Structures are given as structure tokens and as C-alpha cells.
Amino acid sequence: MKVILFGGSGMVGQGVLRECLHDPDVRSVLSIGRSATGQRHVKLRELIHRDFLDFSPIEGELSGFDACFFCLGVSSAGMKEEDYRRVTYDFTMAAARTLARLNPNMTFVYVSGMGTDSSERGRTMWARVKGKTENELLRLPFKAAYMFRPGLIVPLHGIKSKTRIYRLFYAATGPLLGLLNAAFPKYVTTTEQVGRAMIRVAKQGAPKPVLENSDINEVQLGY
Ligand SMILES: NC(=O)c1ccc[n+]([C@@H]2O[C@H](COP(=O)([O-])OP(=O)(O)OC[C@H]3O[C@@H](n4cnc5c(N)ncnc54)[C@H](OP(=O)(O)O)[C@@H]3O)[C@@H](O)[C@H]2O)c1
């Protein structure tokens, strides 16, 4: 399996990258980001790209892939709707439309979040924007597309969030998070579980296109 990864420098993306590099069925990973992942591996190649609204300069590098794991995203805290929409919806759709055109056999997996609003009409700004993004991704002509809606993600294996407020939260809660993961699989997952679940659905599919936190934890059990 040949994988394209977005957001590989972030917390979720680092977790997904780690699992991809460990999985013998993942032949190669192309990471696309404005920052490098900081990892070196024989299976990993990186493209530093600045304009996430225009992928035409690197289109020549983007075909022949089986899966895209899209982990690029921001917290909506303190953001205006138009700025949040630009990163969450515009960036994702620009990448996904290009990839769908170039890779009709691709499985696209998007990291959304628990509470995403599929109606696109609710009161919570981030949930509406993620809902619209999910809905439009599901309409693209990929072989398959899966929307992952994790709740709280516990970073494992020394992985750190790029978002300062999350780093403070993780530092303050420490080992308690591991216990929460075991006690509340409906609400809590880990970077490892998310990564394994992505690889599993890319290889074998899933019974439904939108996977809630508990579905993610269940799917990865068959990894
Ligand atoms: N963390 C959680 O518990 C959690 C729970 C549910 C859902 N999620 C979702 O998972 C996704 C990833 O979250 P995360 O925790 O991995 O966040 P993170 O650690 O802050 O990483 C964010 C990633 O997105 C990239 N990115 C952000 N803004 C960008 C921009 N303007 N242009 C290009 N790249 C940009 C970052 O690149 P740089 O390294 O260059 O900044 C980084 O690779 C988000 O959509 C988030 O909503 C997270």
C-alpha cells in the first residue's frame, strides 16, 4: 500500500506515521506538509508545500497512491469562522479534489472529531465546518472515504501536540489519560489506535463511512 499523509508533523499525524512505518503492508509514505515530520525512514519521503489551496505545482508527485490519511487540522479555539474554514474546509477540499482526480482507487481517511455536525446547521461553528467538510468528502469519487470522529486522543510513544494548550493539558493530566482510555473507549482513543484503525480501513474497508470514537477503537482491534 502506498500512502499519502497530511499533517504528519502534528500529534495525530505523527501517530499515524509511526504505525505506517511499522506496518509491512505499507510500502511507502509520502508526507506533505509546510513543516517536516522530523522522522527519517527508508519508506518515508517528504514534500514541503506552502500553498494548501493549490496543489498544481506538485501534481506530478500525487498519483499512484492507495490511501490518503488526512490529519492536518487546527483547534477552533480563538479562531474566526472564515479562518477556521480556510484551514479545515478549503485546504482539505483542495487536496482531496486533486487526489480524487489523480487516484480513482484511493481510500481517503479524514480526521474530523466527536460532535461533528452533519446537518451543517447547528450552533457550534467548528462542528458545522467539519460537517460540511465530511459531507463534501463523501461525495468525491474516491474508491472509499472514511470520516474518523475521535473524542480525546491520548498521545503515546513520546508524541507531542503542536497546539500549546493541548500540550499543557496532556502534561497536567499525565498517566490519568491511559486509565481514561481503558475506562471510556467511547470517548477516548490513542494516537496508536487511530493510526492502526486508519491502516485497517484502508486495507479492508469498514461497515460504515463515519466512524465514531468507539468504532475507531473497535476497528483497530482487528489490526
Ligand atoms: N488532539 C486531539 O485530541 C483531537 C481530537 C479529535 C480530533 N482532532 C483533530 O485531529 C486533527 C489533527 O489534530 P492534532 O492534535 O494532530 O493537531 P496538531 O498537533 O496541532 O497538528 C496539526 C497538524 O496540522 C498542520 N497544520 C495546521 N495548520 C496548518 C496550516 N495553516 N497550514 C498547513 N498545515 C497546518 C500542522 O502543521 P505544522 O506542524 O506545520 O504546524 C500539523 O501537522 C485536527 O483536525 C483536530 O481537530 C484532534
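Select Y170 together with the ligand: in this predicted model, a polar side-chain atom of Y170 lies 3.2 Å from an oxygen atom of the ligand. Keep the ligand shown and add S35. A polar side-chain atom of S35 is placed 2.3 Å from a ligand oxygen atom. Next, add M11, this time with its backbone displayed. Here a backbone N or O atom of M11 lies 2.9 Å from an oxygen atom of the ligand.

Now switch on a surface for the ligand. On its own the ligand has 900 Å² of accessible area, and the protein covers 88% of that.

Expand the selection to the residues around the ligand. There are 24 of them, and the closest are S9, S35, K130, K162 and T163. S35 is thus a residue to keep labelled, being listed among the closest and also having the side-chain atom at 2.3 Å from a ligand oxygen atom. Colour the shell by residue class: 12 residues are nonpolar, 9 are polar and 3 are charged. Then colour by secondary structure; α1 and α2 each supply at least two residues of this shell.

Hide the ligand and show the pocket. Which pocket does the ligand sit in? The ligand sits in the largest pocket, which holds about 1,200 Å³ of space. Select its lining, which consists of 39 residues. For a view centred on the pocket, pick C71, G73, V74, S75 and T163, the lining residues nearest its centre. T163 is also listed among the residues closest to the ligand.

Colour the lining by class as well: 20 residues are nonpolar, 15 are polar and 4 are charged.

Finally, show the cartoon and trace the elements that contribute to the lining. At least two residues each come from the following:

- helices α1 (11-22), α2 (81-102), α3 (125-139) and α4 (164-173)
- strands β2 (28-33) and β7 (152-154)

Which element gives the most to the lining of the largest pocket? Select α4, which gives the most, with 4 residues. The tour can end on this helix, with the ligand switched back on in the largest pocket.

Notes:
Residues are numbered from 1 along each chain as its sequence is written. This is a predicted model: local features need pLDDT of at least 70, side-chain atom pairs count only at pLDDT 80 or more; totals for chains, interfaces and linings use all residues. Side-chain values use heavy atoms; hydrogens and water are left out. On a 1 Å grid over the protein atoms alone, a cavity is a set of points where a 1.4 Å probe fits but cannot get out, and a pocket is an open set with protein on both sides within 12 Å along at least five of seven lines; lining residues have an atom within 4 Å of a point. Grid points are joined across faces, edges and corners, and a volume is the space filled by probe spheres set on the points. Ala, Val, Leu, Ile, Met, Phe, Trp, Tyr, Cys and Pro count as nonpolar, Asp, Glu, Lys and Arg as charged, and the others, Gly among them, as polar. A residue is near a molecule or strand if one of its heavy atoms lies within 4 Å of it. A polar contact is a pair of N or O atoms within 3.5 Å; within protein, one must be able to donate a hydrogen and the other to accept it, and residues adjacent in sequence count only if both atoms are side-chain atoms. Accessible areas come from the Shrake-Rupley method with a 1.4 Å probe; for residues, only the protein chains shown count as cover. A molecule sits in a cavity or pocket if more than half of its atoms lie within 2 Å of its grid points.
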